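Trainee: I have just opened this entry for the first time. Could you walk me through the reasoning behind a few of the terms used for it?

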Amino acid sequence: MGKVAIIMGSKSDLPVMQDAIDILKEFKIEVEVDIVSAHRTPEKMFDFGKNAHTRGINVIIAGAGGAAHLPGMVASLSPLPVIGVPVKSSNSIDGWDSILSILQMPGGVPVATVALNGAKNAGILAAQIIGASDKTIQNTIITYKESLKTKVIESSKDLK
Ligand code: RP5
């Protein structure tokens, strides 16, 4: 059974990051949640990045805003796939600073960056990564995607 670590730079990121927690819980995937700040707790970030893969974690979701260095720095320290969530935080100018800080990684150190405040998609992507080698989780994703289709078809019918 896979496990996802969801970390964020500040408690103020939690309202956005909660979407990742919620969808992973809906998929019955174990999550561990913590605040890890690249700038305010660099030693904790280093320890987390170096050791996450030794603690049974399969995927890391990291959210941060403004000068959002957490996802990239954790990706530099960890062999695990890192999904970055740019957060439109109080110190962000317009969100682009968060997006570009997470998106524009140098060659060799990928961060799978989702949309601004796109924590739900980060959770789904983490589940899909785990589902690539776990049929039960993959079937959960197949059912979820079917439910998206059903919702659109129902909405279409409602308009008729
Ligand atoms: C970033 O600064 C955090 O990830 C957060 O998005 C932003 C603001 O943090 P607080 O000042 O609200 O703690 O490092």
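Mentor: Gladly, and keep in mind that the model is predicted. Let's begin with R40: an N or O atom in its side chain is 2.7 Å from an oxygen atom of the ligand.

Trainee: What makes that pair of R40 and the ligand a polar contact?

Mentor: A polar contact is a pair of N or O atoms within 3.5 Å, so the 2.7 Å for R40 qualifies. The side chain of S12 also has an N or O atom 2.7 Å from a ligand oxygen. G65 takes part through a backbone N or O atom, which lies 3.0 Å from an oxygen of the ligand.

Trainee: How much of the ligand's accessible area does the protein cover?

Mentor: On its own the ligand has 360 Å² of accessible area, and the protein covers 79% of it. The ligand sits in the largest pocket, and the residues around it include G9, D13 and N91.

Trainee: What kinds of residues form that shell?

Mentor: One is nonpolar, six are polar and two are charged.

Trainee: And why is the pair of F27 and Y144 called edge-to-face?

Mentor: Planes over 60 degrees apart count as edge-to-face, and these are at 80 degrees, so the name fits. The ring centres are 5.3 Å apart, within the 6.5 Å needed for a pair. The structure holds one aromatic pair.

Trainee: Which parts does this pair tie together?

Mentor: F27 lies in the loop between α1 and β2 and Y144 in helix α6, so the pair joins parts 117 residues apart in sequence.

Technical notes:
Residues numbered from 1 in each chain as written. Predicted model: local features only at pLDDT ≥ 70, side-chain atom pairs only at ≥ 80, totals over all residues. Heavy atoms only, no water. Near = heavy atom within 4 Å. Polar contact = N/O pair within 3.5 Å; in protein donor to acceptor, adjacent residues only side chain to side chain. Areas by Shrake-Rupley, 256 points an atom, 1.4 Å probe, with all protein chains shown as cover. 1 Å grid on protein atoms, 1.4 Å probe; cavity = no way out; pocket = protein on both sides within 12 Å on 5 of 7 lines; lining within 4 Å. Sits in = over half its atoms within 2 Å of the grid points. Nonpolar A, V, L, I, M, F, W, Y, C, P; charged D, E, K, R; others polar. Phe/Tyr/Trp six-rings, centres within 6.5 Å; stacked < 30°, edge-to-face > 60°. Helix = DSSP H or I, 4+ residues; strand = E, 2+ residues; numbered from the N terminus.
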